[in-house]
Amino acid sequence: MLEELLGNLADGDVQDAPLGAPADEKAVTAATQPLSDAGWKHTVDGRWIRWTSPAGDAGVQFDAFAAQHPQQSLATWTVWAGPGPDRPTWILTASPHTPSSLLAGLCENLVHGVGTRQKHPAGHERKTPLGTTPLATPAVVATPTASRSR
């Protein structure tokens, strides 16, 4: 996912509305077209429009209120992957100024599962070595304290 984001930024492959223009219906449709084409669940809840993967392990949320107030620092777009939107493995937020072509590229990666994969580097698996035993806890014995007599 990060590679897609950085690649698009480096290539300058982000043409859209002029900076400062709020995200409109056309931009939202263009950004989320890969999600719609893949049959992701689409819901509207007040000011939020959400798309969720069929497995429920990734999603995109658009905040219409934030989009109409670009001068405020509110996240207009939220892209996530993980066990659920309330417990994401990772999350990316974007402003209303984010080009729809960049968001469409990120959405395309989510559709193909690129953003939901978790890499486990070779040699870094947690294994318990065979033949090890926990260290013995030293025994504590209560003994009467010697008292001083005067």
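This passage describes the fold, confidence, helices and selected contacts of a predicted model.

The chain contains four helices and five strands. Read from the N terminus, these elements follow the order α-α-β-β-β-α-β-β-α. Of the 150 residues in the chain, 30% are buried. The accessible surface amounts to about 10,600 Å², and carbon and sulfur atoms contribute 55% of that area. Among contacts with a separation of 6 or more, 46% join residues that are 24 or more positions apart.

Confidence varies along the chain. The mean pLDDT is 74, and 61% of the residues reach at least 70. Among the elements, the lowest mean pLDDT, 54, belongs to helix α1 (residues 2-11), whereas the highest, 95, belongs to β2. Over residues 123-145 the pLDDT remains under 50. For that segment the model shows zero contacts beyond four places in sequence.

Helix α2 covers residues 25-37. Its 13 residues, at 1.5 Å a residue, should span 18 Å, and the end C-alpha atoms lie 17 Å apart, in agreement with that expectation. The helix has a kink of about 50° at Ala-31, and the proline Pro-34 follows shortly after this position. Gly-39, located just after α2, adopts a positive phi of about 80°.

The buried residues in α2 include Val-28, Ala-31, Thr-32, Pro-34 and Leu-35. Successive turns of a helix give such patterns a simple geometric reading: an α-helix has 3.6 residues a turn, so residues three or four places apart point the same way. The cover over the buried residues of α2 includes the strands β2 (48-52), β3 (58-63) and β4, together with helix α4 (100-111). Ala-31 is thus both the site of the kink and one of the buried residues of α2.

Helix α4 consists of twelve residues, for which a rise of 1.5 Å a residue predicts a span of 16 Å. The distance between its end C-alpha atoms is 16 Å, which agrees with the prediction. Nine of the twelve residues are buried, so α4 is largely enclosed by the rest of the structure. The buried set comprises Ser-100, Leu-102, Leu-103, Ala-104, Gly-105, Leu-106, Cys-107, Asn-109 and Leu-110. Just after α4, Gly-113 has a positive phi of about 80°.

Several residue pairs relate α2 to α4. Ala-30, which belongs to helix α2, is partly exposed at 38% relative accessibility. Apart from neighbours within four places in sequence, Ala-30 contacts Ser-100 and Ala-104. The C-alpha atoms of Ala-30 and Ala-104 are 6.7 Å apart, although 74 residues separate the two in sequence. Both contact partners of Ala-30, Ser-100 and Ala-104, appear among the buried residues of α4. Ser-101 also lies in helix α4. With a relative accessible area of 23%, Ser-101 is partly exposed. Its C-alpha atom is 6.2 Å from that of Ala-31, with the two positions 70 residues apart in sequence.

The strands supply an aromatic interaction. A count of aromatic pairs gives one. This pair is formed by Phe-62 and Trp-77 and is tilted, with 4.8 Å centre to centre and 55° between the planes. Phe-62 is located in strand β3 and Trp-77 in strand β4, so the pair ties together parts that are 15 residues apart in sequence. Both rings belong to buried residues: the relative accessible area of Phe-62 is 4%, and Trp-77 has a relative accessibility of 2%. Since buried means under 20% relative accessible area, Phe-62 at 4% falls within that class, as does Trp-77 at 2%.

Strand β4 covers residues 77-81 and also contains Thr-78. Thr-78 counts as buried, with 14% relative accessibility. Once neighbours within four places in sequence are set aside, the contacts of Thr-78 are Gly-59, Val-60, Gln-61, Ile-91, Leu-92 and Thr-93. Of these partners, Gly-59, Val-60 and Gln-61 fall in the range of β3 (58-63). Strands β3 and β4 are therefore linked by the aromatic pair of Phe-62 and Trp-77, and both strands are included in the cover of the buried residues of α2.

Terms used
Residues are numbered from 1 along each chain as its sequence is written. This is a predicted model: local features need pLDDT of at least 70, side-chain atom pairs count only at pLDDT 80 or more; totals for chains, interfaces and linings use all residues. Side-chain values use heavy atoms; hydrogens and water are left out. Helices (H or I, at least four residues) and strands (E, at least two) are DSSP runs, numbered from the N terminus. Buried means under 20% relative accessible area, exposed over 50%, partly exposed in between (1.4 Å probe, protein chains only). Contact means heavy atoms within 4.5 Å. Accessible areas come from the Shrake-Rupley method with a 1.4 Å probe; for residues, only the protein chains shown count as cover. The expected span of a helix is 1.5 Å times one less than its number of residues. The bend at a residue is the angle between axes fitted to the seven residues ending there and the seven starting there. pLDDT is the predictor's confidence in each residue, from 0 to 100. Rings of Phe, Tyr and Trp (its six-membered ring) pair if their centres lie within 6.5 Å; planes under 30 degrees apart count as stacked, over 60 as edge-to-face and the rest as tilted.
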